[in-house]
Amino acid sequence: MFRVPLLVALALIVAFGGGIGTAVWALKATVGFGSIAIGPWVAFPEAQTVSADPYAKAHRARAGELLYGGAEGLAFTALTDDTGARLSAACSYDVSGMTPPARFWTLYAAADGTALMPGAELPSAINSWTVLRAEDSRFVIHVSPAAQPDNWLAIRRTGSFALVLTLLDTPTAGSSGLIDLAMPKIVKTGCGHA
């Protein structure tokens, strides 16, 4: 007597649960389509525009973040170094070179979409106003769990992380020539206590 309603309820639970689960998985897997990759740096210039694909719009709604307008800025994320190896918080890296033209930029480490906060006294972000530069305007930022001289970006000591470089008020955001940009290099300098 209860067999048919039980089977219908079970089928509905599997269908709705599976549908919701795969939708959440798809939103976590990607920001959307139309990514631009320059070395290890990846950006989604169309994610915040009206012409964004449905996955980008859903990702934006789920995250609850305000994204930059087409001429306001562009966020690049790097999950790997220049050799393609995943960034590990147990290792140290040098981010060096120059950024594309921008009025202001920030660089910070993130895990699962949230900025890493290594401690109240430790530098968790570097920006274009605080970075120390060479005479030719190039910089070297040491991303490491251990204290470093000059430009140091502290990271926690476990798991993997991403580097997020945000360019604000930049012609890059509205440019179709993104492929010609020169982005900073990410080079592993050691792991453990090295």
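## Exercises: Trp 41 and Asp 81

Let's start with Trp 41: looking beyond residues up to four places away in sequence, Trp 41 touches Ile 36, Phe 76, Thr 77, Ala 78, Val 95, Leu 107, Leu 163, Leu 165, Met 183, Pro 184 and Ile 186. Keep in mind that this is a predicted model.

**Exercise 1.** Work out which elements give two or more residues to the largest nonpolar core, and which gives the most.

*Solution.* Begin with the core itself: the largest one has 31 residues. Trp 41 is among those with the most contacts inside it, along with Ile 141, Phe 161 and Leu 163. Next, go through the elements: β1 (36-38), β2 (41-43), β3 (73-78), β4 (91-97), β5 (104-111), β8 (139-144) and β10 (162-168) each give two or more residues to this core. Then pick the top giver: that's β5, with 4 residues.

**Exercise 2.** Find out why buried Asp 81 has no salt bridge, and what its side chain makes a polar contact with.

*Solution.* First, locate Asp 81: look in the loop between β3 and β4. Now check for a partner of opposite charge. The nearest such side chain, Lys 188, is 4.8 Å away. A salt bridge needs the side-chain nitrogen within 4 Å of a carboxyl oxygen, so this pair doesn't count as one. Lys 188 is still in contact with Asp 81, as are Pro 40, Leu 87, Tyr 93 and Ile 186. Finally, the polar contact: the side chain of Asp 81 makes one with the side chain of Thr 83, at 2.6 Å.

**Exercise 3.** Decide whether Thr 83 is buried or exposed.

*Solution.* Thr 83 lies in the loop between β3 and β4. Its relative accessibility is 71%, so Thr 83 counts as exposed.

Conventions: Residues numbered from 1 in each chain as written. Predicted model: local features only at pLDDT ≥ 70, side-chain atom pairs only at ≥ 80, totals over all residues. Heavy atoms only, no water. Core = buried A, V, L, I, M, F, W, Y, C linked by side-chain atoms within 4.5 Å. Buried < 20%, exposed > 50% of the residue type's maximum accessible area, 1.4 Å probe, protein only. Contact = heavy atoms within 4.5 Å. Lys, Arg positive; Asp, Glu negative; His and termini not counted. Polar contact = N/O pair within 3.5 Å; in protein donor to acceptor, adjacent residues only side chain to side chain.
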